[in-house]
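User: I'm new to this protein and would like a close look at one part of it, followed by a short walk through its surroundings. Could you keep the terms clear as you go?

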Amino acid sequence: MKEVILIFKALILDKEAIQQLSEPKSSWKLLSMCITVLLGLVYGYTAISINSETIASFETPILRQTIVPGLFLFFGILMILITKVGLSLLLWAGSKGLSGRGLLGVLYRNTTFALIPSVIALPAFISLQVGTPMTPLMFTTMIVAVLWIYLICSKVVEVTQQFVPWRAYVAVLLAFIFYISIYYIVLPPS
């Protein structure tokens with residue numbers, strides 16, 4: 001229960017909570033994996049909701065009700081895991097680029113709670129991937145989520161790398177700019 005309270009404090013950018021979550025503990029690793037799986041299931045369920053017409057178009061009931069939704073949930077978990085690894089590597093590179101200590105394992109653990117705000121932007125992210133139109137609410141939640149993730153990542157880098165605040169904000173900004181440039185290159189033209 002203490003770890004859950006620490007995660008809520010970390011979500012509101014409490015540096016002491018982030019420092020405690022950065023300490024190596026076996027219970028924290030288990031909780032981190034549970035949060036990753038839960039985020040993946042939410043991602044998969046949101047993808048199922050957005051693609052419900054496509055799923056309903058399959059002819060056999062086993063495909064409509066079991067296999068295709070199961071694949072969406074599996075790839076939701078996989079997507080969150082890949083995002084967590086990629087974000088950890090980018091934060092590590094941004095930190096090392098500004099003479100930080102690195103500590104990839106600590107950054108990997110802490111990216112788990114940094115991704116929690118992405119839940120409010122999942123409909124927008126999935127809508128962008130499948131090419132459906134976004135509502136103003138989706139756009140607003142996406143901006144809020146990205147800013148929130150940026151602030152959490154900046155606090156994580158500040159605490160784990162022992163940076164002054166401006167250096168942490170620059171390191172995370174460089175990581176985000178790199179990610180956006182790669183995403184822009186990989187994203188198929190519409």
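Which residues line the second largest pocket?

Analyst: Happy to help! A word on the basis first: this is a predicted model, in which local features need pLDDT of at least 70 and side-chain atom pairs count only at pLDDT 80 or more, while totals for chains, interfaces and linings use all residues. Numbering starts from 1 along each chain as its sequence is written, and side-chain values use heavy atoms, with hydrogens and water left out.

Now to your question. The lining of the second largest pocket is made up of Val 4, Ile 7, Phe 8, Leu 11, Leu 31, Cys 34, Ile 35, Leu 38, Leu 39, Val 42, Ile 116 and Val 119. Two elements give two or more residues each to this lining, helix H1 (2–11) and helix H3 (26–50). H3 supplies the largest share, six residues. Here a helix is a DSSP run (H or I) of at least four residues, numbered from the N terminus. A pocket is an open set of points on a 1 Å grid over the protein atoms alone, where a 1.4 Å probe fits and protein lies on both sides within 12 Å along at least five of seven lines; a lining residue has an atom within 4 Å of a point.

The volume of the second largest pocket is about 230 Å³, volume being the space filled by probe spheres set on the points. Sorted by class, its lining holds twelve nonpolar residues, no polar ones and no charged ones. Nonpolar covers Ala, Val, Leu, Ile, Met, Phe, Trp, Tyr, Cys and Pro, charged covers Asp, Glu, Lys and Arg, and the others are polar, Gly among them.

Both of these helices offer a further residue to look at. In H1 you will find Ala 10, which is buried at a relative accessible area of 0%. Buried means under 20% relative accessible area, exposed means over 50%, and partly exposed is in between (1.4 Å probe, protein chains only). Ala 10 and Arg 167 are 157 residues apart in sequence, and their C-alpha atoms are 19 Å apart in space. Over in H3 sits Thr 36, also buried, with 3% relative accessibility. Leu 81 is 45 residues from Thr 36 in sequence, yet the two are 6.8 Å apart in space, C-alpha to C-alpha.

Let's move on to helix H5 (61–97) and the loop between H5 and H6, where Ser 99 lies. Ser 99 has a positive phi, near 65°, in a residue other than glycine, and at 64% relative accessibility it counts as exposed. Leu 103 belongs to the loop between H5 and H6 too. Its phi is also positive, about 55°, although Leu 103 is not a glycine, and at 34% relative accessibility Leu 103 is partly exposed. For background, most residues other than glycine have a negative phi.

On either side of that loop, H5 and H6 pack at an angle of about 130° with their axes 9 Å apart. Axes are lines fitted to C-alpha atoms, for helices over the stretch in contact, and angles run from 0 to 180 degrees between N-to-C directions. H5 and H6 are therefore oblique to each other; angles under 35 degrees count as roughly parallel, over 145 as roughly antiparallel, 65 to 115 as roughly perpendicular, and the rest as oblique. Their crossing is right-handed. A crossing is right-handed if the near helix is turned clockwise from the far one by less than a right angle, and left-handed if anticlockwise.

Helix H6 (residues 104–114) also meets helix H8 (residues 136–161): their axes come within 10 Å and cross at roughly 155°. H6 and H8 are therefore roughly antiparallel, and H6 passes H8 in a right-handed crossing. Thr 112 lies in H6 and is buried at 1% relative accessibility.

The last stop is helix H7 (residues 122–130), where Leu 122, Ala 124, Ile 126 and Ser 127 are buried. H7 and H8 pack at about 110°, their axes 8 Å apart, which makes H7 roughly perpendicular to H8. The crossing of these two is left-handed. After H7 comes Gly 131, with a positive phi near 80°. In H8 you can find Trp 148, partly exposed at 30%; the C-alpha atoms of Trp 148 and Gly 131 are 24 Å apart, with their positions 17 residues apart along the chain.
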